[in-house]
Amino acid sequence: MAQLTFLGSCREIGRSGFLVEDGSESMLVDYGVKFQDPPAFPDMISTDGLQGIAVTHAHLDHSGGLPRILLRDSDLTLFCTPATRDLSVILLRDMHTISKGRVPFSRKDIMRVKRQCEPTSYEETIPLGRRFEITLFNAGHIPGSAMVSVRADGKRILFTGDFNAIESQLNPGARNNLPRHDIVVTESTYARRINPPREKIEQELIETIEMTMARGGVVLIPAFAVGRSQEIMCILERYGFTRKYPIYIDGLARKVNDILMRHPQYIMSPHTFERAVSRVRVIEDHTDRVRAVRRGGIIISPAGMLKGGASHTYFKMVHDDERNSIVLVSFQIPGTPGAELLARRKVTVGRRTFDVEADVFYHHLSSHSDSRGLLTHLLNIPGDPLFYIVHGESESCDVLAEKLKKNGRRAVVPETNEMFEV
Ligand SMILES: [Zn+2]
C-alpha cells in the first residue's frame, strides 16, 4: 500500500511539498519555500529510494527548495514543463540575491534545476522508477503551470498545484474533463472569495488608464514578474494601448518576457504576446526610469506588492502628483506596502512614510480560481475522489472542506507531516 505525507502548505500558503511512497521507492511533488526570516522549507527527507521530483509550477512557494534536494543526489531527476524549468531558475536566482545568500544552497546549485530536469509535456505519461507514473495537465495558473497526476499502487492521485479554471489574456484555462482520480490534493487560496468577471476587471483597468492619460499623468502598475506583468501587456495590446501610449517594462519581468518568447506553446495567444513584447519599451537603468516618468505613460514594474525592486523608485517619483495613478493588480498580503497603500493611502519605504496624492486603484486580476470555480472544477473530477485541502489560510482550507462535504464528498484538512495510507 502506498503512503502520502504532507510536508508543507498545510493550513498555510508556502513551502509546498508532498511525498508519495510505495515500498522502497518514493517521489516528491513540489518542494517550495515559505518566505519568513529565515526562509522555511519542508522537512528534509531521505533521498534513498527517491525516484524523482515533479514540479507543478515556477512560483517559489512550490519550487524554492529544489536546489536543496537536488544537491544531495546528482542522479535525481526533475519533471516539469520547460517553461517551469526556465522560470524557476530565474526566480531562484532572484531569491538567492535578495536573501543575500541566507538560503541553504549556493548560486551554482541553482543550475541543477536546469541540468537535472527532464522537460515534460502536458498529457504525456512518464514512468518514474518501477512503481510510479506521472502525467502533467495544464493548470491555467501561470505559463507552464501543471497539475500533477501520480499513479501509485494502482491508485491515481491528483496534485492540483495552483490552478485557474478560467482563461485569461495570457493563459488558457485549466484542463477540463480530467480523468478519474482516487485522491485529489487541492489548493484553496480563494475558497472564501468571489472574483468579479474578468472582462469587467479588464474594462475597469482600461478606464483607469484612459482617465489618467487624459489628465497627463503616469500609471504605475506594480506587478509580479512572472505572469501578471505579461498579462497586463497582453491586455494593453488587445485594447490597442501599445500603439496609443508609451508602455515601459522594468525589473525581472524583462527576463521573463525573453523566456516566454522561447515557450510560446504555453501562451493563450502567442501572436498577441509577441506583438506586445515588440512594442513595450524596456527600461535599462535609472536614467531610463526618470525619463519614463517625465514623459508619461504606463509603467509595469515588479514587485507586485510594492515590496521592493524598481517599484520603489517609481513610487517615490509618482506618489505626490494627483494626476498620477497607482494600480494594484494582485492580492496584497497584510503588512506589505501595497496593503498599507490600499488601507490608508500611505506607504512606508525604509524609515520614511509617504502620504500619497496620486489616485490608488485595485483591479484584481486573479490567477487562481475563486470559491465557485474551485468547487465546480473539483466536483467535476470523476471517481468520487477523497479530497485533501492545502495551500490556503487555515479558515479557507476548512471552508472548502465543508463545501465539498455539503456536496456529499469526503474531504480532509491535513496537518504538517501527517501521513495517510493511499
Ligand atoms: Zn502559484
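1. A residue counts as exposed if 12 or fewer other C-beta atoms lie within 10 Å of its own, and as buried if 20 or more do. The points below apply this to a predicted model.

2. By that criterion, Asp258 and Arg262 of helix H8 are exposed. They lie on the other side of H8 from its buried residues, which are Ala253, Val256, Asn257 and Leu260. These buried residues of H8 (residues 253–262) span an arc of only 105 degrees around the axis, which means that they share the same side of the helix.

3. Several elements cover the buried residues of H8, among them helix H3 (82–98), helix H6 (228–238) and helix H9 (270–279). Strand E13 (247–249) and strand E15 (297–301) also contribute to this cover.

4. The largest nonpolar core comprises 123 residues, of which Phe18, Val20, Ile221, Ile299 and Ile300 touch the most other members. Because domain 1 (3–193 + 367–421) and domain 2 (198–362) both supply residues to this core, it lies between them.

5. Apart from its neighbours within four places in sequence, Ile299 is in contact with Val218, Val219, Leu220, Ile221, Tyr248, Asp250, Ala292 and Tyr314.

6. An open sheet of 7 strands runs in the order E6-E5-E4-E3-E2-E1-E22, with mixed pairing. Strand E6 (117–119) and strand E22 (419–421) are at the edges and have a single partner strand each, so one side of each lacks a neighbour in the sheet. From one strand to the next, the twist averages 20 degrees.

7. Within this sheet, strand E2 (residues 17–22) pairs with strand E3 (residues 25–31) in the antiparallel sense, over 6 bridges. Phe18 stands opposite Val29 in E3.

Key:
Residues numbered from 1 in each chain as written. Predicted model: local features only at pLDDT ≥ 70, side-chain atom pairs only at ≥ 80, totals over all residues. Pairing = 2+ DSSP bridges. Helix = DSSP H or I, 4+ residues; strand = E, 2+ residues; numbered from the N terminus. Axes fitted to C-alpha atoms, helices over the stretch in contact; angles between N-to-C directions. Arc of directions from axis to C-beta. Contact = placed C-beta atoms within 7 Å. Core = buried A, V, L, I, M, F, W, Y, C linked by C-beta atoms within 7 Å. Domains from an automatic or database assignment.
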